[in-house]
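Grab a pencil and try a few exercises on the structure below. Each task is followed by a solution in steps.

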Amino acid sequence: MNFANALAEGDQFYRAGRAIEARVAWTNACAVAVSPTEILTIANRCLSLGFLSEAEMALGRLPADNASAAALSTRAALALERGDVATARQFLEDGGQRQHERLMSNALLLRHYEKPINAAGLLQASRLWASKIHGQLKAQPTIHHAARGARLRIGFVSGDLCAHPVGFLIAPLLRAFQMRADEVDIFVFDNGSHADWMTAQLKTYCPPSHWHTINMLSDAEASVLIASLQLDCLIDCAGHTSRSRLALFAQRLAHIQIAWGGYFSTTGLETIDAVVMDDFHLAAGIEEYFTENIIRVPSRFIYAPLAVCPPVTDMPFFRCGTITFGSFNNVAKINMDVISVWAEILREVDGSRLILKWRSFADANFCEYMKSCFSAFGILPERLTLRPFSIYRDTLAEYRDIDIALDPFPFTGGQTSLDALWMGVPLVTLAGFTPVERQGHAFVNLIGRADWSVTDPRAYVKKAVALACDPNRLREMRFDQRSLIHQSKLSDAGAFVDILMSYMRHHRRKLGSFGDMT
């Protein structure tokens with residue numbers, strides 16, 4: 001696998017994919033002993049490139065009775081890449097019942113893909129997971145806090161410090177903290193196994209000695225390391241996602257523990273003091289479904305586009321004479337309700353087309369499946385364009401082919417929606433009750449396009465059709481959109497950081513003198 005890994009890390013994903021395919025074919029053709037670890041490595045690399053059929057072939061070489069956490073997680077990932085959320089969740093929940101608490105945690109994430117999202121059920125399941133984690137804790141390390149009046153010592157824990165949505169969203173925050181180096185010391189605990197150009201960029205925002213790789217450390221070892229650094233605040237950026245180290249937060253490793261970033265609901269942990277949200281992400285009454293307090297910031301996410309970014313281009317409508325809708329979201333978000341609504345829009349707008357982009361569309365069988373789903377609602381396959389993975393800058397450039405972006409639901413887009421808006425594309429979004437159902441709602445409100453957010457599927461169709469019927473207005477808005485983002489709280493990392501620091505200082509003062517905390 002070394003050849004394929006090296007190519008992938010150099011962004012030569014197409015060539016890496018060919019290398020993987022060759023290895024899978026060899027593995028299946030030869031009657032040789034291949035270890036389960038190697039099989040899972042092959043399968044996961046195939047999944048990362050969108051080669052679903054090859055991943056399935058590789059998994060077929062696993063012993064039928066292999067119920068390890070790694071095997072169940074990979075099988076769940078394959079199901080998710082095919083949009084089969086129910087099967088993916090079943091694999092994880094079955095694993096959770098076998099005491100694989102990490103799988104139980106990841107299953108909580110999959111609840112956000114299913115309609116309707118049950119906030120009460122999420123809270124109950126999150127508390128159950130937390131109770132299991134607390135029940136396993138052994139003696140906790142003693143924490144020695146920094147002297148009163150010293151600079152704030154803040155740590156971030158994430159497994160996604162790379163070209164991943166969390167990597168993009170944390171970059172402007174780390175940069176803003178770096179600009180306050182006389183007031184703050186930043187520490188990073190990297191739980192990822194992949195480093196790329198974004199990782200290199202993020203490392204410039206804190207001293208080399210403050211960047212700690214913990215993916216090979218046990219929870220006990222990582223806890224001792226973090227506790228030894230005398231942090232005032234520890235921030236979780238993963239929640240119940242795949243590369244989480246949330247179990248670390250079940251201990252009190254810093255005086256203040258906060259959740260932000262890659263997750264959207266309660267963690268269920270009483271030892272996490274607060275979650276960072278904005279008013280647009282918070283529907284009335286949602287607070288009762290969090291075990292954490294709420295820190296309110298102007299915008300939960302800060303968007304910082306690439307320094308070298310493709311320019312906004314004219315609408316494709318004025319090149320081809322028809323409206324093109326698009327979504328670059330994870331196919332797991334594109335459920336049958338979404339397909340039904342998007343198909344209705346296509347039927348209402350004569351000659352319109354839909355572009356979908358996700359790595360799973362590298363798989364020919366999955367492409368045929370997706371086309372059949374739309375065909376069931378009267379949409380001919382030639383009205384769909386299905387595009388696989390490309391590197392980030394090329395993905396941004398592909399928004400030149402889209403007139404109007406369609407947000408999935410109930411799990412709305414995050415980074416993909418921000419990218420679409422940055423490239424001048426309007427976003428039609430359906431707002432629900434939980435924060436993950438309100439990401440698009442937050443973004444369009446923050447840039448002054450509140451009318452693009454609706455509250456029911458019928459209004460969603462009407463809004464998309466109305467926008468499609470006014471291409472001259474769309475063209476005008478397309479070239480204004482970047483200035484709206486620049487002027488909005490989506491670009492104000494300073495305000496976000498100031499509120500966090502104020503919260504931390506307030507709670508540090510409440511402690512009075514700092515002693516050991518066990």
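**Exercise 1.** Work out the order of the seven strands in the open sheet, and find which strands stand at the edges.

*Solution.* Start with the order: the open sheet reads β4-β3-β2-β5-β6-β7-β8, with parallel pairing. Strands here are DSSP runs of E with at least two residues, helices are runs of H or I with at least four, and both are numbered from the N terminus. Two strands pair if DSSP finds at least two bridges between them. Now look at the ends: β4 and β8 (293–296) each have a single partner strand, so one side of each lacks a neighbour in the sheet. From one strand to the next, the twist averages 25°, with axes fitted as lines to C-alpha atoms (for helices over the stretch in contact) and angles running from 0 to 180 degrees between N-to-C directions.

A quick note on the model: it is predicted, so local features need pLDDT of at least 70 and side-chain atom pairs count only at pLDDT 80 or more, while totals for chains, interfaces and linings use all residues. Residues are numbered from 1 along each chain as its sequence is written, and side-chain values use heavy atoms, leaving out hydrogens and water.

**Exercise 2.** Find the partners of β3 and the residues that stand opposite each other.

*Solution.* Take strand β2 (residues 152–158) to begin with: it pairs with β3 in the parallel sense over seven bridges, and G155 stands opposite F187 in β3. Then go to strand β4 (residues 211–213), which is joined to β3 by three bridges, again parallel. There, V188 faces W211 in β4.

**Exercise 3.** Trace the helix connections on either side of β3 and give their handedness.

*Solution.* Follow β2 through helix α9 (residues 165–178) to β3: that's a right-handed β-α-β unit. Right-handed means that, with the strands pointing away from the viewer, the path from the first strand over the helix to the second runs clockwise. Carry on from β3 through helix α10 (residues 197–203) to β4, and you get another right-handed β-α-β unit.

**Exercise 4.** Is β3 mostly covered or open, and what about its two faces?

*Solution.* Count along residues 184–190: seven of the seven are buried, where buried means under 20% relative accessible area, exposed over 50% and partly exposed in between (1.4 Å probe, protein chains only). Now split them by side: V184, I186, V188 and D190 are buried on one face, and D185, F187 and F189 on the other.
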